[in-house]
Amino acid sequence: ALQAGIVGLPNVGKSTLFNAVSNSAKAQASNYRFCTIEPNVGLVDVPDARLNKLAELVIPNRIVPTQIEIVDIAGLVRGASKGEGLGNQFLGNIREVDAIIHVIRCFEDDNVLRDEGAINPISDKEIIDTELQLKDLDSVERKIGRVEKAARTDPKMKAELDVLVQCKNHLQQGKSIRSLDLSKEEKTAIADMFLLTEKPVLYVANVDEPSMHTGNKYSEALAKAAKEEGAQIIIMNNNIEAQIAEMEDPADRALFMEEYKMTEPALNRLITSAYKLLNLYTYFTAGVQEVRAWTIHEGWKAPQAAGVIHTDFEKGFIKAEVIAYNDFVQYGSEAAAREVGKLRIEGKEYVVKDGDIMHFRFNV
Ligand code: GDP
């Protein structure tokens with residue numbers, strides 16, 4: 001599964017969020033900053049209203065959402081790029097994720113330790129950004145050193161060097177690579193470095209309880225900064241989310257959420273947004289046994305999409321029966337869609353669309 005990594009300064013509520021998110025792994029929330037040296041990984045269901053709608057129509061035995069992996073990357077501190085506080089190890093963990101969830105403290109609480117003076121979401125964000133940028137600068141400069149010589153004679157390497165120099169200048173201005181306007185080819189030229197600041201980011205403003213619906217002055221400042229980057233921000237209270245997640249009885253949950261005037265956990269919004277950040281597509285299989293969501297990338301063809309279910313489906317692929325999501329919902333069943341000609345037979349070259357309901361035919 002694709003991974004989103006939770007990052008942020010110590011004691012901003014990362015572990016609390018991870019606890020809420022994770023339905024398998026468990027992290028210990030505590031005031032002790034290095035309590036989680038190994039990254040914690042949890043798998044989480046991705047909420048999808050379309051999946052629920054299909055299930056309503058098909059009434060299957062089982063509903064299986066798609067999942068993403070959430071990794072709690074603790075221990076990032078000022079100076080991490082210089083190896084401070086096991087910094088390099090944590091930065092290495094970030095290199096492996098597909099997207100970043102950056103938690104920022106927007107709550108006041110004298111009982112929760114803080115090294116960076118008064119609450120200041122903008123400077124907190126900048127501390128982390130700077131560490132990631134310095135680490136990227138290091139990667140870029142090293143690569144420049146490696147290609148410089150060859151670039152004098154090889155035009156292809158010269159083009160690559162030009163991109164690297166653009167990256168270097170951008171980083172030196174305190175900017176992240178994701179905000180650098182690069183063409184698809186230019187991006188390919190730097191893909192092998194897995195730059196940290198190229199990864200898509202989502203900000204979580206961890207606010208106190210009274211502000212969970214409205215936000216506060218801190219989350220407003222953060223929202224402004226996020227907007228300038230074209231990034232999304234989610235306002236939530238991680239403590240409340242962790243409490244909801246702990247309740248096993250749905251009735252208790254409902255009551256608790258009602259008390260806090262919530263229609264659903266903010267976590268659902270977070271997970272859905274993180275999934276969107278990854279630029280993924282979802283297709284569905286819908287049978288009486290199970291209605292299920294499957295994750296693919298934009299542009300994948302039918303056999304490759306079938307391979308997500310089982311490699312045999314890809315190897316022995318013959319054809320796919322496809323119904324568009326809207327058609328399925330409009331006609332209410334596979335049979336009804338077929339009757340009006342909305343079930344299409346597609347071959348190996350079919351590019352799967354987001355929301356397609358697929359049924360694969362294959363040789364074994
Ligand atoms: P991490 O170091 O970023 O992983 O932070 P933790 O999740 O361990 O949280 C540090 C402390 O802050 C814990 O004592 C949490 O209970 C507390 N905390 C987390 N979120 C909130 C919040 O929204 N409000 C308040 N007041 N405390 C919080």
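This tour moves through a predicted model, naming at each stop what to select and what is found there.

**The whole chain**

Begin with the entire protein in cartoon representation. Its secondary structure amounts to 14 helices and 12 strands. The radius of gyration is 23 Å, close to the 21 Å that the globule rule gives for 364 residues, so the protein is as compact as a globular protein of that length. Aligned to the principal axes, the box filled by the C-alpha atoms is roughly 65 × 65 × 35 Å. If the residues are coloured by burial, 38% of the 364 count as buried.

**The ligand and its shell**

Next, select the ligand together with the residues around it. The shell contains 20 residues, and the closest are Gly-13, Lys-14, Ser-15, Thr-16 and Asp-109. Two elements, helix H1 (14-21) and helix H8 (238-246), each give two or more residues to this shell. Which element gives the most to the shell around the ligand? That element is H1, with 3 residues. Colouring the shell by class shows 6 nonpolar, 11 polar and 3 charged residues.

**Helix H1 and the loop before it**

Keep the ligand displayed and select residues 14-21, the extent of H1. Is this helix enclosed or open? All the evidence is in its burial count: 8 of the 8 residues of H1 are buried, so the helix is largely enclosed by the rest of the structure. Among these buried residues are Lys-14, Ser-15 and Thr-16, which are also listed with the closest residues to the ligand. The buried set further includes Leu-17, Phe-18, Asn-19, Ala-20 and Val-21.

Now step back to Gly-13, in the loop between strand S1 (3-7) and H1. Gly-13 counts as buried because it has 27 C-beta neighbours inside 10 Å, where 20 or more suffice. In an unreviewed UniProt entry, the annotation "binding site" covers Asn-11, Val-12, Gly-13, Lys-14, Ser-15 and Thr-16.

**Strands S6 and S7 with helix H7**

Select residues 201-207 for strand S6 and residues 232-236 for strand S7. S6 and S7 run parallel and are joined by 5 bridges. A useful pair to label is Val-204 and Ile-234, the latter in S7, which stand opposite each other. Adding helix H7 (residues 217-229) completes a right-handed β-α-β unit made by S6, H7 and S7. S7 is mostly covered, with 4 of its 5 residues buried.

**Two residues with positive phi**

Two loop residues merit a look at their backbone torsions. Select Ile-59, in the loop between helix H2 (49-58) and strand S3 (62-64). Its phi is near 50°, a positive value in a residue other than glycine. Ile-59 counts as exposed because it has 8 C-beta neighbours inside 10 Å, and the limit for that class is 12 or fewer.

Then go to Phe-194, in the loop between helix H6 (184-190) and S6. Phe-194 is not a glycine either, yet it has a positive phi of about 45°. With 14 C-beta neighbours inside 10 Å, Phe-194 counts as partly exposed.

**Residues 279-362**

For the last region, select residues 279-362, where the unreviewed UniProt entry places the feature "domain: TGS". Over this range the chain is 29% helix and 37% strand, and the end C-alpha atoms are 28 Å apart.

Within this selection, first pick strand S8 (residues 280-286), which is mostly covered, 5 of its 7 residues being buried. S8 pairs with strand S9 (residues 290-297) in the antiparallel sense over 7 bridges. The two strands form a hairpin with 3 residues between them. To inspect one bridge, label Ala-286 and its partner in S9, Val-291.

Move then to strand S10 (residues 317-323), which pairs with strand S12 (residues 357-362) in the antiparallel sense over 6 bridges. S10 also pairs with strand S11 (residues 344-346), again antiparallel, over 3 bridges. Which residues stand opposite Val-322? In S12 the residue is Met-358, and in S11 it is Arg-344. Displaying Val-322 with Met-358 and Arg-344 is the final view of the tour.

Key:
Residues are numbered from 1 along each chain as its sequence is written. This is a predicted model: local features need pLDDT of at least 70, side-chain atom pairs count only at pLDDT 80 or more; totals for chains, interfaces and linings use all residues. A residue is near a molecule or strand if its C-beta atom, placed from the backbone, lies within 6 Å of it. Ala, Val, Leu, Ile, Met, Phe, Trp, Tyr, Cys and Pro count as nonpolar, Asp, Glu, Lys and Arg as charged, and the others, Gly among them, as polar. Two strands pair if DSSP finds at least two bridges between them. A crossover is right-handed if, with the strands pointing away from the viewer, the path from the first strand over the helix to the second runs clockwise. UniProt positions are given in the numbering used here, feature names are shortened, and annotations may be inferred rather than shown by experiment. The radius of gyration is taken over C-alpha atoms; the globule rule is 2.2 Å times the number of residues to the power 0.38.
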